[in-house]
Amino acid sequence: MRSHTLALLLATCFPLLASAKQPNIVFIFSDDHAPHAIGAYDGWLKSANPTPNIDKLASQGMLFRNSFCTNSICGPSRAVIITGKHSHKNGFMNNGNNFDGSQQTFPKLLQKIGYQTAMFGKWHLKSQPQGFDKWMVLPGQGLYYNPDLLTKDGKTQIEGHCTDIVTNLAVDWLKKGRDQEKPFLLMCQHKAPHRNWMPALRHLHLWADEDIPEPATLFDDWKDNASPARWQELEIDGHMDLTFDLFYNLTPQFKGLSRQGKFDKSAWRNMFRMTPTQLTAWRAHYAPLDAALKKANLKGKDLVRWKYQRYAKNYLRCVRGVDESVGTLMRTLQEMGLNDNTIVVYSSDQGFYVGDHGWFDKRWMYEESLLMPLIIKWPGVTKPGSTNTQLVQNLDYAETFLEAAGVAIPKDMQGQSLVPLLKGGKPKEWRDSIYYHYYEYPSVHQVPRHNGVRTDRYKLIHFYEFDEWEFYDLQEDPDELQNLYQDEKYTSQISELKNRLEGLRKKYEDDTVGSLKPAPWRKKHRTKQFRVLNDL
Ligand code: SGN
Ligand code: CA
């Protein structure tokens, strides 16, 4: 405690005195990795053993069970992380925005006190990264195979699978790219397991001869939900494309004609990028499976089950690639003698539906996409194998890294440093509810704008442009199948949560609710229009 205060004082008064005693930070971040697809989280996918290395990291550090995002989508989650501010404050509310790189971010503040900073992989904030001594990022969503990477000096293409490429860049920088005398921040940000879930060739055999367990809610009919859950466009059945998402009948002659008959360059770009050798190996795996599917001529629920299996396997194979990256980075730190003074964090921008509620994708405030994995190992500080159940958010990461490095936390940041929790403390003044606000609508998957509040037991969601509400008792109904908003037994809890929601909205100074331009066609839902063809 005393040495920490001293470091803070020194760093504030003599910024250039930052020394190698300050902890290094290795931030390993993936895209769309749901906690229930991590063994250490004990979710229903645990039996597939998807993440031996991340589980090992958890056994050496602290695992946060109640870690939530503020806005369940990629760019916004990243902007919240680097600024420590909600979306309406940092200006990146949906993936269509352009991040104002001139604003305060935690990498810039670390750089100021002498940290070496580097960022590799998926950035997704459109404007050029700032605050990094070295960066090399995937443009936009990035590609799985043979991707382009952007640097200050332009674009280069690297052959291979993007998870391996990003890991190699991070390892090279650790070994050869930095000033070994200075503390560092390394952000290693993977594209996987984002849609369209293309694993490395070496992982295609995984789970090939076994079934992945199905989620209990695979055939949810959303009868209790507010109406948006019934007209969304993220169903495995109705919106997951057999070719684009599941590579059914993707032949080497394939020219990118979607099954709906429209040529969509962006959607098919991932396959275009494979080398002939890669594509041949890819087809060698899938062709016999596709032939078997055609012969079986599955329909209805049987076809949904088949689609789920192929999707979940590819998702977990991508996860396995990320897990190997975690193992490689941990080994590298050990080999370089950096283990004892390096904080290692594993997280992902939001959770994901792996067939839960019949869906893929994220965006909703329901548990599967609201939750984020968060595991932090800080040697000498976090108790190995410990678990924390406090309500934490991606809003807290910037503050945590700054405090760990001994930098004063700027007053305009909106989260709370996790350092007291990492030390095993249970601060009395910790938050007892979280604030959520999702904006990207209308857009792909058609999830309307909503805000809400979650406590350790209850959740209230408001689809405010339609004035529809949902209320769940998570203790009685962890799968959120019973919307109790109309249940008189809960009248007092609901009104208490409404007050809290309003209180949080004010506390965070969010005056965007209802003030944004409504979507021009929000009354005409496009249900069925975008349904995929499921014929084989
Ligand atoms: C793309 C995906 C969507 C996904 C968004 C946002 N379609 O549009 O499925 O929801 O990205 O993802 S795809 O045709 O590109 O696969 S995010 O993680 O970047 O927010
Ligand atoms: Ca994401």
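Which residues come nearest to ligand 1? Let's work through that and a few more exercises on this predicted model.

**Exercise 1. Find the residues nearest to ligand 1, then describe the contacts and the shell around it.**

Step 1. Start with the neighbours: there are 17 residues around ligand 1, and Cys 74, Gln 141, Asp 361, Arg 363 and His 445 come nearest.

Step 2. Now look for polar contacts. The side chain of Asp 361 has an N or O atom 2.5 Å from an oxygen atom of ligand 1. For Gln 141, a side-chain N or O atom is 2.7 Å from an oxygen atom of the ligand. His 445 places a polar side-chain atom 2.8 Å from an oxygen atom of ligand 1.

Step 3. Next, check how much of the ligand is covered: alone, ligand 1 exposes 450 Å², and the protein buries 87% of that area.

Step 4. Finish by sorting the shell by residue type, which gives eight charged, five polar and four nonpolar residues.

**Exercise 2. Identify the protein donors of the calcium ion (ligand 2) and classify the site.**

Step 1. List the donors. Asp 31 and Asp 32 each appear with an OD atom, Asp 349 is listed twice with OD, and Gln 350 gives OE1. These atoms lie 2.2 to 2.8 Å from the calcium ion.

Step 2. Place the donors along the chain: their spacing reads D-D-x316-D-Q.

Step 3. Turn to the geometry. The six donor atoms make angles of 49 to 168 degrees, and the site is irregular. Six donors count as octahedral only if the angles between donors that are not opposite lie between 65 and 115 degrees.

Step 4. Are Asp 349 and Gln 350 buried or exposed? Buried means under 20% relative accessible area. Asp 349 has a relative accessible area of 0%, so it is buried. Gln 350 is also at 0% and therefore buried.

**Exercise 3. Locate the two cis peptide bonds described here, at Pro 193 and Pro 442.**

Step 1. Take Pro 193: the bond joining Ala 192 to this proline is cis, with omega about -5 degrees. Pro 193 sits in the loop between β8 (184-189) and α7 (228-231).

Step 2. Take Pro 442: the peptide bond from Tyr 441 is cis here, and omega is near 0 degrees. The loop that holds Pro 442 runs between β13 (434-438) and β14 (450-454).

**Exercise 4. For Trp 207 and Glu 480, give phi, the loop and the burial.**

Step 1. Trp 207 is a residue other than glycine with a positive phi, near 60 degrees. Its place is the loop between β8 and α7. With a relative accessible area of 6%, Trp 207 is buried.

Step 2. Glu 480, likewise not a glycine, has a positive phi near 55 degrees. You will find Glu 480 in the loop between β16 (468-473) and α15 (491-507). At 1% relative accessibility, Glu 480 is buried.

**Exercise 5. Place Gly 142 in the fold and relate it to His 194.**

Step 1. Gly 142 belongs to the loop between β5 (134-138) and β6 (148-151).

Step 2. Its relative accessibility is 6%, so Gly 142 counts as buried.

Step 3. Along the chain, Gly 142 and His 194 are 52 residues apart, and a distance of 10.0 Å separates their C-alpha atoms.

Notes. Residues are numbered from 1 along each chain as its sequence is written. Chains are lettered from A and ligands numbered from 1 in the order in which they are written. This is a predicted model: local features need pLDDT of at least 70, side-chain atom pairs count only at pLDDT 80 or more; totals for chains, interfaces and linings use all residues. Side-chain values use heavy atoms; hydrogens and water are left out. Donors are N, O and S atoms within 2.8 Å of the metal (3.2 Å for Na, K and Ca); water is not among the atoms, so sites may look incomplete. Four donors count as tetrahedral if all angles lie between 85 and 135 degrees; four count as square planar and six as octahedral if opposite donors are over 155 degrees apart and all others between 65 and 115; anything else is irregular. Buried means under 20% relative accessible area, exposed over 50%, partly exposed in between (1.4 Å probe, protein chains only). A residue is near a molecule or strand if one of its heavy atoms lies within 4 Å of it. A polar contact is a pair of N or O atoms within 3.5 Å; within protein, one must be able to donate a hydrogen and the other to accept it, and residues adjacent in sequence count only if both atoms are side-chain atoms. Accessible areas come from the Shrake-Rupley method with a 1.4 Å probe; for residues, only the protein chains shown count as cover. Ala, Val, Leu, Ile, Met, Phe, Trp, Tyr, Cys and Pro count as nonpolar, Asp, Glu, Lys and Arg as charged, and the others, Gly among them, as polar. Helices (H or I, at least four residues) and strands (E, at least two) are DSSP runs, numbered from the N terminus.
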